[in-house]
Amino acid sequence: PYTGPSADQILAKRKQYLSPSLFHFFSKPLNVVDGKMQYLFDENGRRYLDGFGGIATVCCGHCHPDVVDAIVKQVNRIQHSTVLYLNHAIADFAEALASKMPGNLKVVFFTNSGTEANELALMIARLYTGCQDIISLRNAYHGNAAGTMGATAQSLWKFNVIQSGVHHALNPDPYRGVFGSDGEMYAKDVQDIIDFGTSGHVAGFISEAIQGVGGIIELAPDYLPAAYKSIKKAGGLCIADEVQAGFGRTGSHFWGFEAQGVVPDIVTMAKGIGNGIPLGAVVTTPEIAEVLTRRCYFNTFGGNPLCTAAGLAVLRVIEKENLQENALVVGSHLKKRLAELKDKYEIIGDVRGKGLMLGVELVTDRQQKTPAKAETLHVMEQMKELGVLIGKGGFYGNVFRITPPLCFTKEDADFLVDAMDHTMSKM
Ligand code: PMP
């Protein structure tokens, strides 16, 4: 049993000693003391079904024994900086990761977070092309450092820092976007930005395949091939941010971008790759990777033995337990059941996403698509009382984000939907 401080004691300390900008979802925040696969446990030992996976950071399941074992074995042996000496963990994981990539994406740079991975990717694109201009999508989230905050395109996440060399293209959002599901129409805006906002040459383009923070927005079909074509014509590199959609989460493919049939020049990842351990990566081609030999490039902990041992264990578990297949099967079932809820409740405006990366958007008026922000919070809060945790996102804070650990079962999916159904029936 847990004998540590209570939720109230932690909250008091947090108020006094921690960043005032830290936020939590619930009016009475949860004190999570244990995790086991798709479950979290609070200080009283109460079990919660985890439908959010710590923002898609847990892919194999909380404290998956194989991952824990790999971490413990490595840390008992040696944990240190990545640079200066040889260690097999980083090399083994890089090899395994490269084997999961299409095309000539074979060279891996390790980082400690998604922000760092995207910062590096943007810099590589700028170095390789000699251009500054980056195009990212409106409503995107790519990180919170100088370059990535610029590429992020929601006012909620942008502090008023100087934002240079970045343009935000029309979001190919099938639900709220002006061209509906016509991906090629949205992609014309990328060409327009190149033609009317730059010299005609750009450094690159960055996008998620399914926007996570943005509220589980799946890019309209055919968008990426058309956008990539314009970028390549302008000499730019295409960057796929797989921080949330990667590692089989979308079910049909290992990487989110694959569903649109494109091969990026650079792929970035973090979150799920470490199953909760801080780990990020940038993967690119040998030719593009060369640009970083122009100066010294150094990252003390990027790819350290502990984190890369964890990453390798994660890849092995995904394969051994067929987690991508599970994401497809369970995710399809979950989406079907959520779609049935949409038939039952007017407040559900849209159900979307792929595999175990699903979104449910709540609106008070289906025609006007008026965001039902207060209702979204209310349902989350009530579902928590029923023992089910889900996330939320979207610019208006009215989209449930369902991104559970990939070991989620059909029964878990049913329980989650039943809890949502019960909550909505009382509203
Ligand atoms: N890219 C995407 C798509 C993300 O969702 C996030 C985090 N929400 C990031 C990048 C940044 O990752 P980190 O928080 O690890 O810096």
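**Notebook: a loop residue, two domains and one helix**

I began with Asp182, and I found this residue in the loop between β6 (166–169) and α7 (183–197). I kept in mind throughout that I was reading a predicted model. I then asked myself whether Asp182 is buried, exposed or partly exposed. I counted 17 C-beta neighbours inside 10 Å, and because a residue needs 20 or more to be buried and 12 or fewer to be exposed, I entered Asp182 as partly exposed. I also looked up its separation from Thr268, and noted that the two are 86 residues apart in sequence and 26 Å apart in space, taken from C-alpha to C-alpha.

Next I turned to the domains. I noted that the chain is divided into domain 1, made of 7–60 + 322–425, and domain 2, which covers 65–320. Their C-alpha centres lie 25 Å apart, and I recorded contacts between 29 residues of domain 1 and 30 residues of domain 2. Which elements supply the side of domain 1 that touches domain 2? I listed α2 (53–56), α11 (323–344), β13 (348–354), β14 (357–365) and β18 (399–402), each of which supplies at least two residues, and I marked α11 as the source of the largest share, with five residues. Sorting the residues of that side by character, I wrote down 14 nonpolar, nine polar and six charged.

I went on to the largest nonpolar core, which has 123 residues, and noted that Ala125, Ala281, Ala310 and Val314 touch the most other members. Helix α10 (residues 305–320) gives the most to this core, with ten residues, and I saw that the core draws at least three residues from each of domain 1 and domain 2. I followed up Ala310 in particular and, leaving aside residues up to four places away in sequence, I found that it touches Val67, Ala70, Ile71, Gly274, Asn275, Ile277 and Leu279.

That list led me to helix α3 (residues 65–77), whose 13 residues reach 18 Å from the first C-alpha to the last, close to the 18 Å expected at 1.5 Å a residue. I entered Val67, Ala70, Ile71 and Gln74 as the buried residues of α3. They cover an arc of only 95 degrees around the axis, so I placed them on the same side of α3. On the other side of the helix I noted Asp69, Val72, Lys73 and Asn76 as exposed. My last entry is on what the buried residues of α3 pack against, and here I wrote down α4 (88–98) and α10.

Definitions and conventions. Residues are numbered from 1 along each chain as its sequence is written. This is a predicted model: local features need pLDDT of at least 70, side-chain atom pairs count only at pLDDT 80 or more; totals for chains, interfaces and linings use all residues. Domain bounds come from an automatic or database domain assignment. Two residues are in contact if their C-beta atoms, placed from the backbone, lie within 7 Å. Helices (H or I, at least four residues) and strands (E, at least two) are DSSP runs, numbered from the N terminus. Ala, Val, Leu, Ile, Met, Phe, Trp, Tyr, Cys and Pro count as nonpolar, Asp, Glu, Lys and Arg as charged, and the others, Gly among them, as polar. A nonpolar core is a set of buried Ala, Val, Leu, Ile, Met, Phe, Trp, Tyr and Cys residues joined through C-beta atoms within 7 Å. The expected span of a helix is 1.5 Å times one less than its number of residues. The arc is that of the directions from the helix axis to the C-beta atoms.
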